[in-house]
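Trainee: I'm new to this one. Could you show me how to read it?

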Amino acid sequence: MASKPDDAPFYVGYLPLPAAIRRFLLPWLVANFVLLIAVGVVIAQQQRDPGDGTWNTATPVTYEGVLTLDPYPLLRVTDAEETGGPLTVLPIEMGKRGSRERLAGLEGQRVRLTGFAIRRTGRVVLGLEAGDAAIEPLGPATPAITFAPVGLGTHTLIGEIVDPQCFMGAMKPGEGKPHKVCATLCIAGGIPPVFVVRDQAGNTVTYLLMTDAGESLPPSHYEYIADPLELTGRIQRQGDMLVLYADLSSFRRLE
Amino acid sequence: MSNAYTWVQWNKHKKVYDVLLAVSVVGYLAVFIGVSSLTWTGDHAVSPMTLMIRATGTCAILMLHLILMMGPLARLWPIGFAPLLYNRRHFGVTMFFVALTHSVLVLIWYGAFGSVNPVSAMLTMNTRYGSFIGFPFELFGIAAIVILFFMAATSHDFWLKNLSPRWWKTLHMGVYFAYVLLILHVALGAIQGERSVAYPVVLGAGAIVLITLHLFTAVKELRCDARVDVAGTADDGWVDVASVDEIPMDRAKVVTPAKGCTKVAVFRHGDGLSAVANVCSHQGGPIGEGKVIDGCITCPWHGYQYLPHNGQSPPPYTEKIPTYELRVEGKRVLLNPEPFAPGSQVDPVKIGEQSDV
Ligand code: HEM
Ligand code: HEM
Ligand code: FES
C-alpha cells in the first residue's frame, strides 16, 4: 500500500546540490556565459567611428593673434605653425562654457592665449588654462588684421549642429542624438556652434554657425542641435575658416 | 524564515552564485572594453568614459534580460532552474548597481560642467517632448533607475514582510515597466546614433525571446488554473482529490478544488496525509512542488519550511500558511475545500485508517 518514495531531484538552497540538477544547469550556465560574451563582442565591435579628433590634456600650447568677440570669441593667427598660414582658433573655457567673460575688453587686441588644444580636420579649439597667465594682452593690433572675407554664395546644406569642443575630440563620439543634451549644454554655455557637413566618404566640412545678421545662434533654435538638419545660408571664407550666415527660417529637420 | 534579520543568510550556494555573477559582470565589462579598444585605436579611439558608459549600460540591460527569463524558466522546468531563482535577488541588486554606475557616469559625462545641474540638464536640454523619435530618451533611463532603486532598496526580506508579500510582489512587477522604459531608452537613444544593424537586431532578439517565454508560461499557468482537477464532489461539498497511490512519499499532489479557488497541496508523509495552501508565505512559491524534508514541508523556491499538521514554520520562525481538512474513504482522498486560518492545527489522516464519515 505504501507508495514508493519519489526520488526526483529536489533543490534546497542550504543543502548540497543534487548531481542531476548540476548536470542540467551546467551547460545552461556555460551557454549563458558564452552568449553574454558574444553579445559584448558584437556590440563593442560594431560601434561607429568616433572620428579622429584629439584632445591633448597633458601639454599646454600657446597661440598669438588678434582677438574678436562678436558673436563668438575667435583668435586669428596669421602664421600658424600647423597651417603655414592663417588659422582661426576657437578659445573656450574648460568645461561646457564659452570664454567670452574672461576675454571681455580685449576685442581687437593682440593677445597670447595658453591652453589645451582639441584638434580635428585642421581646426583648433583651445580650452583656456586657469589663471591670469593664460591670457596675455599685447596691446592694440596694428594694423587690425582680420582675415578678409570672401563671399562664396548662398547654399542649402544638410548636416548637424555640434559643439566643437566635444565634436573635435573632447568626447568621442561627440555628435548624434546620444550627445544632444551635452551639445546643447555646451552651446547654451557659450561655446560657438559649428555646422558639420559630411560627404559620402565620411569626410567632414565644418562651418562656424551664426545668424544672417551675424549674431549668435538664438536659444529658440537650440532644439535643432544634434538633429539631422537642412538649412540655407550665405557662406564666407575668413582666412582658413568657413562661416555660415544661416537664415533662421530655413531650418528644416530631416527625420 | 527569519526570526532575526541578518543582511544575507549566507550559504555555499549563495556564495557560488555571487561569485559566478561577479565573474560574469567583470568578464563582460573587460571583454567590451578590450574589444572596443582593439576596434577603434589611436586617434580613432572612443573616449574611455564613453566606453564605460556603454559597457555598463549594455551589461545592465543584458542582465535584466537574464533576470526576466528566470521566472518563466523556473515555472516551465521547476526542478532544473530552481537554483537560479533561489538567489535571484542578488542578481537583481547586482544589476541595479551596474545600471546605477551607467546612470552616474552619464550624468557626469554628458550632464555636468554646464550651467545647470546634471539632472536638470538631462531633462531640459532636449526639449523635444512632443516628438517620438526625437524624445529625450534620458527620461526613460531616469524613470527606470528610480523603479530599480525602489526594488533594490526593498529587496530584503525585512521589507517583504513589512510591506506584505502582496505589495512587495506588486512592486516587483514594476520590473516589467522598467523593462519597457529601457527598451525605449535604447531604441530612442543609442540606436539613433549608431549606424550598425547589430543594435536593433540584438535588442529585438532579446525582446522576442522574453515575450515568447512569458507567453508560453502564461498559457501553461492559465490552463492549469482553469482546470478543476478533482475526480468528483461528495454531498457534503468535500472534493475527491486523488487515490492514495497517486501521491508519492514526501511529495504532494496539487489540486484546484473549485473554480477560482486557491490551489491546495496534499502531502504524503510518514503514514499520513496533510493538506496546505499551495502558496508560500514568503514569495508565493508553489509549495506543492516542494518536498517533505526532516518532517517539514519545504518550499522549492527558497527552502522555507512548514510543519504538515499546522502549516507553521518550526520555531523560532513564525511563518504560517492555511491548512485544510482531509479524510480517506477506501483508497480515495477527500478534501474540505474550506481553508482553516493560517497555522491551524489539523491532525494528519492516517492512510489505511478509515476516518468516520
Ligand atoms: C539616470 C538614468 C540614465 C541616463 C541619464 C542614461 C543616459 C544614457 C545615455 C546618454 C546613453 C547614450 C550613451 C552613448 O552612447 O554615448 C545611454 C545609453 C544606454 N543606456 Fe542609459 N541612461 C540611464 C539609465 C539607464 C539604465 C537604468 C539602463 C539599463 C539598465 C540603461 C541602459 C542603457 C543602454 C543599454 C544604453 C546603450 C549603450 C550605450 O550606448 O551606452 N540606461 N544611456
Ligand atoms: C533586488 C532584490 C530583489 C529580490 C528580493 C527579488 C526576488 C524576486 C522574487 C523571487 C519575486 C517574486 C517571485 C515570483 O512571483 O516570481 C520577484 C519578482 C520579480 N523580481 Fe525581483 N527581486 C529583487 C529585485 C529585483 C530586481 C532589481 C529585478 C530586476 C531588475 C527583479 C526582477 C524580478 C522579476 C523578474 C520578478 C517577476 C517575477 C516573476 O517572474 O514571476 N527583482 N523578485
Ligand atoms: S517562496 Fe521563497 S521559500 Fe517559498
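Mentor: Sure, we'll go through chain B, the two ligands and one loop residue. Keep in mind that this is a predicted model.

Trainee: Where do I begin with chain B? How many helices and strands are in it?

Mentor: Start by counting the elements: chain B has ten helices and twelve strands. Then look at the extent, where the C-alpha trace of chain B spans about 85 × 40 × 35 Å along its principal axes. You can also ask about burial, and here 51% of the 357 residues of chain B count as buried.

Trainee: And what about the surface of chain B, how much of that belongs to carbon and sulfur atoms?

Mentor: The share is 68%, out of an accessible surface of about 16,300 Å² for chain B. For contacts, look at separation in sequence: among those in chain B between residues at least 6 apart, 57% join residues at least 24 apart.

Trainee: On to the ligands. Where does ligand 1 lie?

Mentor: With a ligand, check which chains flank it, and ligand 1 lies between chains A and B. Next, list its neighbours: there are 23 residues around ligand 1, and B:Arg54, B:Gly57, B:His102, B:Tyr110 and B:His185 come nearest.

Trainee: Which polar side-chain atoms should I look at around ligand 1?

Mentor: Look for N or O pairs. B:Tyr110 has a polar side-chain atom 2.5 Å from an oxygen atom of ligand 1. Two histidines face nitrogen atoms of the ligand instead, with B:His102 at 2.7 Å and B:His185 at 2.8 Å. Zoom out to the elements, and helices H2, H4, H6 and H8 of chain B each give two or more residues to this shell. The largest share, seven residues, comes from H2(B).

Trainee: What is the make-up of that shell, by nonpolar, polar and charged residues?

Mentor: Sort the residues by type and you get 15 nonpolar, seven polar and one charged.

Trainee: Which protein donor does the iron atom of ligand 2 have?

Mentor: For a metal, find the donor atoms. Here the only protein donor is ND1 of B:His172, at 2.5 Å from the iron. You'll find B:His172 in helix H8 of chain B.

Trainee: Last one: why does A:Asp240 count as buried?

Mentor: Compare its relative accessible area with the cut-off. A:Asp240 is buried because its value is 18%, and buried means under 20%. It sits in the loop between strands E12 and E13 of chain A. Leaving aside residues up to four places away in sequence, A:Asp240 touches A:Pro86, A:Leu87, A:Thr88, A:Arg123 and A:Phe147.

Definitions and conventions: Residues are numbered from 1 along each chain as its sequence is written. Chains are lettered from A and ligands numbered from 1 in the order in which they are written. This is a predicted model: local features need pLDDT of at least 70, side-chain atom pairs count only at pLDDT 80 or more; totals for chains, interfaces and linings use all residues. Side-chain values use heavy atoms; hydrogens and water are left out. A residue is near a molecule or strand if one of its heavy atoms lies within 4 Å of it. A polar contact is a pair of N or O atoms within 3.5 Å; within protein, one must be able to donate a hydrogen and the other to accept it, and residues adjacent in sequence count only if both atoms are side-chain atoms. Helices (H or I, at least four residues) and strands (E, at least two) are DSSP runs, numbered from the N terminus. Ala, Val, Leu, Ile, Met, Phe, Trp, Tyr, Cys and Pro count as nonpolar, Asp, Glu, Lys and Arg as charged, and the others, Gly among them, as polar. Donors are N, O and S atoms within 2.8 Å of the metal (3.2 Å for Na, K and Ca); water is not among the atoms, so sites may look incomplete. Buried means under 20% relative accessible area, exposed over 50%, partly exposed in between (1.4 Å probe, protein chains only). Contact means heavy atoms within 4.5 Å. Accessible areas come from the Shrake-Rupley method with a 1.4 Å probe; for residues, only the protein chains shown count as cover.
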